[in-house]
Amino acid sequence: MLTSDTYYMRLALRLAAKGTGWVSPNPMVGAVVVQEGQIVGRGYHRAYGRPHAEVEALKQAGAAARGADLYVTLEPCNHQGRTPPCTQAVLNAGIRRVVIATQDPNPRVNGGGAEFLQNQGLQVEIGLLAAEARRLNAAWFHWVETGFPFVIAKAACSLDGKIATVTGESQWLTGEKARSFGHQLRHQVDAILVGVGTVIADDPQLTMRLRKRTTENRKTKTENRFKDPIRIVLDSRLRLSLDARLLHLDSPAPTWVVCTPAAPRDQIKALKDLGADVLVMPADANGIVALHPLMEELGERRVQSLLVEGGAETLGSFFDQRLVDQFYFFYAPKILGGKTAPGILAGAGVKHLGNALQAKEMSVKKLGPDLLVSGYF
């Protein structure tokens, strides 16, 4: 049986999730104001630079916030950023009790917000649904605590693990619902990464192509309610064609091409002339882009979440180096066979079962005719 505190915090978490894809590099946060058992204010962080969840909820509550309880999914900030400190707004509103799901690991907050409110005489409780709150903002927590992006591996394959036929045909393995889910993932992340082999083979756009249908004056229209991620191409020696579609898109999101110092200077200039950002990164022992320095660079560029879509060599490298945090594998009800047909992962792999990556918190979901298997490492 849910306690009232748990009920209100679950509501705050659902509100927080509405900010998915829009708030980075901030975390998703939801807040609920309750006065004598009645919800008088709700709010969530809608987008980076917009008011924080607490401020929205308190504004909606108005005078009813005085003496009320505030449920918030993350410790209120106690510093001036793009918006004023939320702790001062809580104090000014006359809140008597603050229930916080989890502490903020950001060194600028990290207990300071809760401590400030306690010192001002408010009752502060921390830890209700903490695991759920951390899972909601898994990418943000990972980035704050490690400096690296939270890496999500995505692949679509046949039941026997093949991503294409022996002749290289791959479109479309999965159905419309699975592809729609994949596009939702693109909206949720900061950046999407593929190897240059995928670009050469498929010439993808790497954009988020879902549109939301709305009805106005009995007329149905579509509008873009989603965002494109930053497009990143691993291309150690810059084999990317200057005619590739992802270099000629009408998209607010940039394209970054990652190469090594061995890449031709004239090709670097040509890509920059087309508007791409070229990142020259160290090479590993095989002469290809070293992934750990790249992850550090992306973290410094405030890329919190990175969706790696392929191909098999690129995915294999991320798994080999234990850089994958979460995975989404889509299985179509097809058997392709063929020992030369590519599988989900290439790379070096593991020599012994004892060294295998062990997935946890796995789930299986049916999307049309396809199966989605997801989990964490």
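Q: Which helix holds Met 9?
A: Welcome to this structure, which is a predicted model. The helix in question spans residues 4-17, and Met 9 is found in it. Its name is H1.

Q: Is Met 9 buried or exposed?
A: A residue counts as buried when its relative accessible area is under 20%. Met 9 has a relative accessibility of 0%, and its contacts beyond four places in sequence include Tyr 71, Val 99 and Leu 128. With that 0%, Met 9 is therefore buried.

Q: What distance separates the C-alpha atoms of Met 9 and Leu 185?
A: Along the chain, Met 9 and Leu 185 are 176 residues apart. In space, their C-alpha atoms are separated by 25 Å.

Q: Which strands stand at the edges of the five-stranded sheet?
A: This open sheet has the order E2-E1-E3-E4-E5, with mixed pairing. Its neighbouring strands are turned by 15° against each other on average, direction ignored. An edge strand here pairs on one side only, and the two that do so are E2 (38-44) and E5 (123-126).

Q: Which residue in E5 stands opposite Val 98?
A: Strand E4 (residues 97-100) runs parallel to E5, and four bridges join them. Helix H4 lies across both E4 and E5, at about 155° to E5. Opposite Val 98, E5 places Val 124.

Q: What angle does the direction of helix H2 make with that of E2?
A: Helix H2 covers residues 53-61 and packs on the five-stranded sheet. There H2 touches E1 (30-35), E2 and E3 (69-72). Its direction and that of E2 make an angle of about 145°.

Q: How do helices H3 and H4 run, roughly parallel or roughly antiparallel?
A: The axes of H3 (residues 86-93) and H4 (residues 112-119) come within 10 Å and cross at roughly 25°. Angles under 35 degrees count as roughly parallel. The crossing angle therefore makes H3 and H4 roughly parallel.

Q: How many residues in the contact of H3 with H4 are charged?
A: H3 passes H4 in a right-handed crossing. On the H3 side the contact is made by Thr 87, Gln 88, Val 90 and Leu 91, and on the H4 side by Gly 113, Phe 116 and Leu 117. These divide into four nonpolar and three polar residues, and the number of charged ones is none.

Q: Is Asn 137 buried or exposed?
A: Asn 137 lies in the loop between helix H5 (130-136) and helix H6 (138-146). Leaving aside neighbours within four places in sequence, Asn 137 is in contact with Pro 27 and Met 28. Its relative accessibility is 6%, so Asn 137 counts as buried.

Q: Why is one side of E12 and of E15 left without a neighbour in the sheet?
A: Nine strands make an open sheet with mixed pairing, in the order E12-E11-E10-E7-E13-E6-E14-E16-E15. The twist averages 20° from one strand to the next. E12 (277-280) and E15 (360-367) stand at the edges, so one side of each is free because each has a single partner strand.

Q: How many of the residues of E7 are buried?
A: Ala 191, Leu 193 and Gly 195 point one way from E7, while Ile 192 and Val 194 point the other way. In a regular strand, side chains alternate between the two faces of the sheet. Both sets are buried, and the count for E7 is five of five.

Q: Which residue is the bridge partner of Ala 191 in E10?
A: E7 (residues 191-195) and E10 (residues 230-234) pair in the parallel sense over five bridges. One facing pair is Gly 195 and Leu 234. For Ala 191, the partner in E10 is Ile 230.

Q: Which residue in E13 stands opposite Leu 193?
A: E7 also pairs with E13 in the parallel sense, over four bridges. Opposite Leu 193, E13 places Val 308.

Q: Which residue just after H11 takes a positive phi?
A: Helix H11 (residues 312-320) has buried residues including Leu 315, Phe 318 and Phe 319. Among the elements covering its buried residues are E6, E7 and H10. Just after H11 comes a residue with a positive phi of about 55°, and that residue is Arg 322.

Notes: Residues are numbered from 1 along each chain as its sequence is written. This is a predicted model: local features need pLDDT of at least 70, side-chain atom pairs count only at pLDDT 80 or more; totals for chains, interfaces and linings use all residues. Side-chain values use heavy atoms; hydrogens and water are left out. Axes are lines fitted to C-alpha atoms, for helices over the stretch in contact, and angles run from 0 to 180 degrees between N-to-C directions. Angles under 35 degrees count as roughly parallel, over 145 as roughly antiparallel, 65 to 115 as roughly perpendicular and the rest as oblique. A crossing is left-handed if the near helix is turned anticlockwise from the far one by less than a right angle, and right-handed if clockwise. Contact means heavy atoms within 4.5 Å. Ala, Val, Leu, Ile, Met, Phe, Trp, Tyr, Cys and Pro count as nonpolar, Asp, Glu, Lys and Arg as charged, and the others, Gly among them, as polar. Two strands pair if DSSP finds at least two bridges between them. Buried means under 20% relative accessible area, exposed over 50%, partly exposed in between (1.4 Å probe, protein chains only).
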